[in-house]
Amino acid sequence: MPVISTIIPVRNRKNYTQNILTQIYSQLSNKDYHKKFNVIVVDDGSTDGTKELIRSQFSEVNLLEADGSLWWTGAICQGMNYAIEVLNSDYIVWLNDDISISEDLIDNIKQICDSHLSKEAIIGGIVRDRTYPDWVVFSGMLRKKLIRSMDYFASEKEIFVDTLNGNIAIIPRTAVEKIGLPDARRFRHYGGDFEFVSRAKKSGFKVILSSRLQATTDCQIADFVRYMPPWMQWHIENNIFKKIKILQGFTNLKCHHNIWHMLNIIYWDFEHIPSWKYINFYVRQVIKVIACNFWQRSRVERELQDYFKEQNAPQPIIDAIMSEISRK
């Protein structure tokens with residue numbers, strides 16, 4: 001059996017971390033392959049007792065500690081290095097801690113890693129919403145469109161895609177040996193998964209999204225809004241201080257719509273992006289946010305409805321957002 005190492009980057013989410021580790025080890029108990037299945041947790045400077053919890057309750061975990069400077073991509077890179085150089089892993093599995101894995105996930109990971117296909121492909125999974133199970137919250141992208149519905153798997157369990165989210169992904173060691181690690185310099189927190197998988201596909205690896213790899217999450221309205229285009233967030237928000245935070249988000253690395261993330265995603269295969277492009281992009285984004293105040297209501301509603309349809313958003317979430325707008 002190949003050696004498999006799961007990497008979980010964490011920071012100050014003790015309950016989430018405890019939950020996913022409990023699920024993993026529950027599935028590994030009494031399995032004949034548990035010694036070939038490693039769990040690596042990269043703790044990026046937690047101060048909420050996460051490290052102490054792991055040491056006391058999950059002694060089998062390979063715990064790597066950092067000072068808070070790694071962010072998601074840096075933590076993933078550190079874990080991947082450890083998996084290959086120390087644990088001599090054949091496969092690396094990315095796994096986020098804020099999901100609940102399906103009851104057969106570990107067995108399915110093992111079966112996939114035993115198959116011939118896994119040697120030449122990166123295989124990702126889907127994260128569905130617990131309340132609205134047909135809504136796929138995290139998955140992958142095909143022809144520049146996010147996969148948000150289970151309809152894609154109506155006839156096949158696996159589909160070929162262009163890139164993947166890093167919530168669940170199986171990566172063969174050969175991919176790392178060929179293309180290196182994710183780019184933690186350009187994609188510190190967001191986009192590291194997108195860039196790495198896109199680069200792997202460009203180098204010849206297949207990219208597959210598999211419905212055999214599943215998890216669930218509780219996506220709240222605030223979570224949905226946070227990933228909407230900035231001008232939509234601005235239009236929804238009534239509080240002036242929160243509106244200002246939306247503008248500040250363009251230069252905040254912790255914000256999903258920061259200009260470095262957005263521009264580097266657009267030019268992911270460029271080695272260098274000139275500074276003037278960042279300035280130009282920032283100005284255009286701010287202008288669009290302000291300009292939406294003067295758009296006709298029909299245009300705003302049309303674009304919102306198009307976005308909701310593209311995201312396969314559940315009707316209760318749509319209704320809540322539209323209700324908030326109607327109060328303006």
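This dialogue concerns one helix and one loop residue of a predicted model.

Q: How many residues does helix H12 have, and what length does it reach?

A: Helix H12 spans residues 297-311, 15 residues in total. From its first C-alpha to its last it reaches 21 Å, close to the 21 Å expected at 1.5 Å a residue.

Q: Which residues of H12 are buried?

A: The buried residues of H12 are Val300, Leu304, Tyr307, Phe308 and Gln311.

Q: Why do they lie on the same side of H12?

A: An α-helix has 3.6 residues a turn, so residues three or four places apart point the same way. In H12, the buried residues cover an arc of only 100° around the axis, which puts them on the same side of the helix. The face turned away from that buried side carries Asp306 and Lys309, which are exposed.

Q: What covers the buried residues of H12?

A: The covering elements include strand S9 (145-146) and three helices: H7 (221-226), H8 (230-236) and H13 (315-326).

Q: What phi does Asn312 take, just after H12?

A: Asn312 takes a positive phi of about 55°. Asn312 is also one of the residues that Ser149 touches.

Q: Where does Ser149 lie, and is Ser149 buried or exposed?

A: Ser149 belongs to the loop between S9 and strand S10 (158-160). Buried means under 20% relative accessible area. Ser149 has 10% relative accessibility, and therefore counts as buried.

Q: Which residues does Ser149 touch, and what does its side chain reach?

A: Leaving aside residues up to four places away in sequence, Ser149 touches Asp134, Val136 and Asn312. The side chain of Ser149 reaches the backbone nitrogen of Asp151 at 3.1 Å.

Methods:
Residues numbered from 1 in each chain as written. Predicted model: local features only at pLDDT ≥ 70, side-chain atom pairs only at ≥ 80, totals over all residues. Heavy atoms only, no water. Helix = DSSP H or I, 4+ residues; strand = E, 2+ residues; numbered from the N terminus. Expected span 1.5 Å × (residues − 1). Buried < 20%, exposed > 50% of the residue type's maximum accessible area, 1.4 Å probe, protein only. Arc of directions from axis to C-beta. Contact = heavy atoms within 4.5 Å. Polar contact = N/O pair within 3.5 Å; in protein donor to acceptor, adjacent residues only side chain to side chain.
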